[in-house]
Amino acid sequence: MSWFDRVLPPKIKKKPDPQPQATENKRTVPEGLWSKCPTCQTVLYRTELEENLFVCPNCGHHQRITARQRLDFFLDAEPRLEIAKEYVPVDPLRFKDQKRYKERLQEAQTKTGEKDAMVVMRGLLHGRPVVAAAFAFEFMGGSMGSVVGARFARAAETALVDRCPLVCFSASGGARMQEGLLSLMQMAKTSAAVERLAKAGLPFVSVLTDPTMGGVSASLATLGDVLIAEPKALIGFAGPRVIEQTIREKLPVGFQRSEYLLEHGAIDQIVDRRQLRTVIGEILGMLTQSSSKP
Amino acid sequence: MKISYLDFEQGVAELEAKVEELRALDQPGIADEIKRLEVKARKELQRIYSKLGAWQTVQVARHPQRPYTLDYVQALFSEVQILAGDRAFADDQAIIGGLARFNDQPIVWMGHQKGRDTKEKIQRNFGMPRPEGYRKALRLLRLAERFQLPVFTFIDTPGAYPGIGAEERGQSEAIARNLAVMSDLAVPIICTVIGEGGSGGALAIGVGDRMLMLEYSVYSVISPEGCASILWKDAGMAAEAAETLGITARRLQSLGLVDEVLVEPMGGAHRDPEAVFTLVRERFAQHLDELKAMDTSKLLTTRYERLMHYGVVGAA
């Protein structure tokens, strides 16, 4: 298929756009049909981007995706069962800064359609059972509060009962401040859940995506038997700005990016999103002593 | 030792200064006046501490004269042996630990250590550990398990150090590993917040069977200043942040995150360290007895269930 065919789908030929408004200078393209790669500025056609799992086919830039897209791209199409969705957030501290936590939750819920920042599903990967969890960065920066902790713990316990591997995709700014120390304790809770899996001899593959910081990075995310990162993801404990303010010097180029972590021995591999199913499938196949062809 | 006063203790400072002045005069007939002023100072202190706000509690928790880990270790334990190094990179002086006896029982202890003077503060990196500190702690935890020694941890840190080297050597993984290992370490673990419980850097030696907190210590997911600068875009709102974050011992006890609040002398631990040590000694003995009475599988199941209970969620 030529480039020209791809950019002119039948829809557009049949029904031209409503007339563009004069005030909107260059943004006359219908929303959602085209998008520009933020890194290389290449203009991409939406379906092409989707086919590439939101990785720029030109420069390889990995866009952030939602938790549901993540699990959709990762699991076999059938069967899938969402678990632990009965856990919903409350406001135990009646936390209020410039806005109430309750309002922030409602806004995030309306915006994303999620109840909180993690989605967990039981499903198959290349025909083999797996429990997969994904942080929803789109929901309050993927921050980990009580619900994320509870859902993740349930994911690990389900893997334990099903005797199957656990895969978690992290994308989080860290702990959710609005739940105070309760959110810090989710680090202990999720780490304990991972330790149980390890003791039971069940593999846990942790995939670090952009960004994986703070309390999430310093708990479940770095406890995988195998640690995989997407290219150029920001991964670390302290945020770059905090470090800069503390040490009062410029940070090295590429600091806290996947490539930097690989170089320092912090992760096993950097894997392109389009290869994740294959790579994780092979790794889990070997760790579970399964035959090569499921 | 001369007490240094916090901003909100100025009323007490003035009264106590007056008492000192009168004492120095050493004149007959002023004993009554001294007595009167002492009572007044005490009442003022009581008035302030009876309604101490969260931000004021932070100041007390950070008081430069507050007892630090080593003060507790020297007061509570005998045959103290400090064990150094992570066997891989360095010896981090911001976390110290080793062997000792507590009432004849051999134990492993560890804690964050802040410095008293400028030189020691730098040497101890203001109590902010790097990965090698957490890995030294990990080594001691495993030693404790191998030789079946109960563990006491003392928490007192602004947080794990945010620096280039710390990140390069895996600060996140070092903290995470400790959380996982402590959740299933086959010996009793008693954790006590004695000053500042600063986020993940505190929690990294804070997972166990008992969570005790000194009355005027604090434990928080983020420093009030950090929280204020993120959520209010103004570090000056730290007092508001401290209040809403709920970081005091009593508040955390009401949330089910702290088992026992260890009551401090009026005006804070630094005003009467001996009284604090006496109480802590007594409470440690009781908690240790309770934990030693449990067999290992009961101990670990109870610990796991405790951890799984952390959090408040609703049901859809």
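Two strands pair if DSSP finds at least two bridges between them. Helices (H or I, at least four residues) and strands (E, at least two) are themselves DSSP runs, numbered from the N terminus. The views below come from a predicted model, in which local features need pLDDT of at least 70 and side-chain atom pairs count only at pLDDT 80 or more, while totals for chains, interfaces and linings use all residues. Residues are numbered from 1 along each chain as its sequence is written, chains are lettered from A in the order in which they are written, and side-chain values use heavy atoms, leaving out hydrogens and water.

**View 1. The hairpin of β5(A) and β6(A).** Let's start with strand β5 (residues 118–125) and strand β6 (residues 128–135) of chain A, which pair in the antiparallel sense over eight bridges. Val120(A) has Ala133(A) in β6(A) as its bridge partner. Two residues lie between the strands of this hairpin, and His126(A) in the turn has a positive phi of about 50 degrees. On strand β3 (residues 81–83) of chain A, you will find another antiparallel partner of β5(A), joined by three bridges. Here Glu82(A) is matched with Met121(A) in β5(A). Six of the eight residues of β5(A) are buried (under 20% relative accessible area, with exposed over 50% and partly exposed in between; 1.4 Å probe, protein chains only). The strand is therefore largely enclosed by the rest of the structure.

**View 2. Val130(A) and its surroundings in strand β6 of chain A.** Val130(A) has a relative accessible area of 2%, so this residue is buried. Beyond its neighbours within four places in sequence, Val130(A) is in contact (heavy atoms within 4.5 Å) with residues including Met121(A), Leu124(A), Cys164(A), Val167(A) and Leu284(A). If you look for Ser219(A), 89 residues away from Val130(A) in sequence, the C-alpha to C-alpha distance is 21 Å. For the wider setting, chain A has eleven helices and eleven strands, and 51% of its 294 residues are buried.

**View 3. Asp184(B) meets Lys199(A).** Asp184(B) is in the loop between α8 (171–183) and β5 (189–198) of chain B. With 16% relative accessibility, Asp184(B) counts as buried. Its side chain and that of Lys199(A) form a salt bridge of 2.5 Å, N to O (a side-chain nitrogen of Lys or Arg within 4 Å of a carboxyl oxygen of Asp or Glu). By the rule, there is one salt bridge across the interface of chain B and chain A. Asp184(B) is also in contact with Glu195(A), Glu145(B), Leu300(B) and Arg303(B), among others.

**View 4. The interface of chain B and chain A.** Here 46 residues of chain B are in contact with 56 residues of chain A. The two chains bury about 4500 Å² between them, 70% of it on carbon and sulfur atoms; buried area is the accessible area (1.4 Å probe) that two parts lose on being put together, summed over both.

**View 5. A strand pair between the chains.** Strand β4 (residues 87–89) of chain A and strand β9 (residues 313–315) of chain B run antiparallel, with three bridges in the pairing. Look for Tyr87(A), which stands opposite Ala315(B) in β9(B).
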